Amino acid sequence: MSAPWTSDDALVALVAALRARDYAFTTVTPATHAHVARRMGDAPARSLRDVFGWSRPFAEDLVPPDLFGLMREAGILARAGDLWRATIRLSSLDGELFVHAAYPPTAQDAVFFGPDTMRFVASVTQYLAGREAPVRRAVDVGCGSGAAGIAVAKRAPGAEVLLVDVNPNALAAAALNARLAGVTGTVPVSSDLLSGADGTFDLVVSNPPFMLDAQGRTYRHGGGAFGEGLSLAVVEAAAERLNPRGALVLFTGSVIVEGEDPFREAALTACARAGLSAQYREYDPDAYGEELADPAYARADRIALAVLVATREG
């Protein structure tokens, strides 16, 4: 497992120091971040939020010496001319701070975190709040930062929670974020979907990539006709591994074409074929409108965000 830093201990100490200074940051979409960055222009960072949230270049004397020393020890400093940049970001969610990729997250192995991460975690925690059966074994498929799996571990003490991803940077970030959150029972696993994970599960959660991305970035490109390929693959993989009373909570995007939702129809058909009861709802009917200018979405009416909950009866 690789990591885009050199010392977990130094990063843990850095996050503790930032918490003590009441650091908090809500990560926005890359489009919104780009707008804010243009508005800021070439001005260097003026606060720790600018350094660790907005990924602004900063002068060394802006950061307290103890924090700058920990950044150097952690290996998360990069030169930006006469200034410095942090090579990671820290974002707030569910009472925790999560490490993920700095802006812009353009690398193939970037660990993405954004508003969809927050929506996904909210969907998972809402499901757990209404679940009566215990969760003893769970898996976060395509875990990225590990935010959803960590949320499960916090609410199911004693459960084994696999954090699964094909991206070594994601597995390193998820492991570190689990340590930062103080949860136990999380296990990073290098796996394409569930191919590298053994056994069955009481809960499968996933927010797979669902866009059509010409660059094929791991965290973004979903494949299929409209980006639904990975989401359907998650449904089919989970259907084979759910215990009685086990459930899949899938947060994804769906391209609506001429008033129809091809992913919804395919997902519900797959669930019925596997004997799963399923509930599907649109979380947001119109997200990522800026993407419709891409020729890949020439037939799309809109891109919706949706939540699928599929359950195996006990």
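R119 is partly exposed in this predicted model. Its relative accessible area is 24%, which places R119 between the limits of under 20% for buried and over 50% for exposed. R119 sits in helix 5. Leaving aside neighbours within four places in sequence, R119 contacts F251, Y283 and L305. The C-alpha atoms of R119 and I303 are 15 Å apart, and 184 residues separate the two along the chain.

F251 also appears among the contacts of N207. N207 lies in the loop that runs between strand 8 (201-206) and helix 8 (229-239). Is N207 buried or exposed? N207 is buried, because its relative accessible area of 17% falls under the 20% cut-off. The N207 side chain reaches the backbone oxygen of F251 at 2.9 Å. Residues up to four places away in sequence aside, N207 touches D116, F120, V141 and F251.

The table sets the two residues side by side.

| Residue | Relative accessible area | Class |
|---|---|---|
| R119 | 24% | partly exposed |
| N207 | 17% | buried |

**Nonpolar cores**

The largest nonpolar core has 45 residues. V124, V152, L203 and V249 have the most contacts inside it. At least two residues of this core come from each of helix 5 (115-130), helix 6 (147-155), strand 6 (160-165), helix 7, strand 8, strand 9 (242-257) and strand 11 (300-311). Apart from this core lies another, of 36 residues. W5, F25, W54 and L77 are among the members of that other core.

V152 touches V124, L128, V135, A138, V161 and L203, not counting residues up to four places away in sequence. V152 is one of the buried residues of helix 6. Helix 6 is mostly covered, with seven of its nine residues buried. Those in helix 6 are A147, A148, G149, I150, A151, V152 and A153.

**Second largest pocket**

The second largest pocket holds about 200 Å³ of space. It is lined by 17 residues, of which T87, A101, A102, A110 and V111 are the closest to its centre. Strand 4 (96-101) and helix 7 (168-181) are the elements that give two or more residues to this lining. Which element supplies the largest share of the lining? Strand 4 does, with three residues. By class, the lining of the second largest pocket has 12 nonpolar, four polar and one charged residues.

Conventions: Residues numbered from 1 in each chain as written. Predicted model: local features only at pLDDT ≥ 70, side-chain atom pairs only at ≥ 80, totals over all residues. Heavy atoms only, no water. Helix = DSSP H or I, 4+ residues; strand = E, 2+ residues; numbered from the N terminus. Buried < 20%, exposed > 50% of the residue type's maximum accessible area, 1.4 Å probe, protein only. Polar contact = N/O pair within 3.5 Å; in protein donor to acceptor, adjacent residues only side chain to side chain. Contact = heavy atoms within 4.5 Å. 1 Å grid on protein atoms, 1.4 Å probe; cavity = no way out; pocket = protein on both sides within 12 Å on 5 of 7 lines; lining within 4 Å. Points joined across faces, edges and corners; volume = space filled by probe spheres on them. Nonpolar A, V, L, I, M, F, W, Y, C, P; charged D, E, K, R; others polar. Core = buried A, V, L, I, M, F, W, Y, C linked by side-chain atoms within 4.5 Å.
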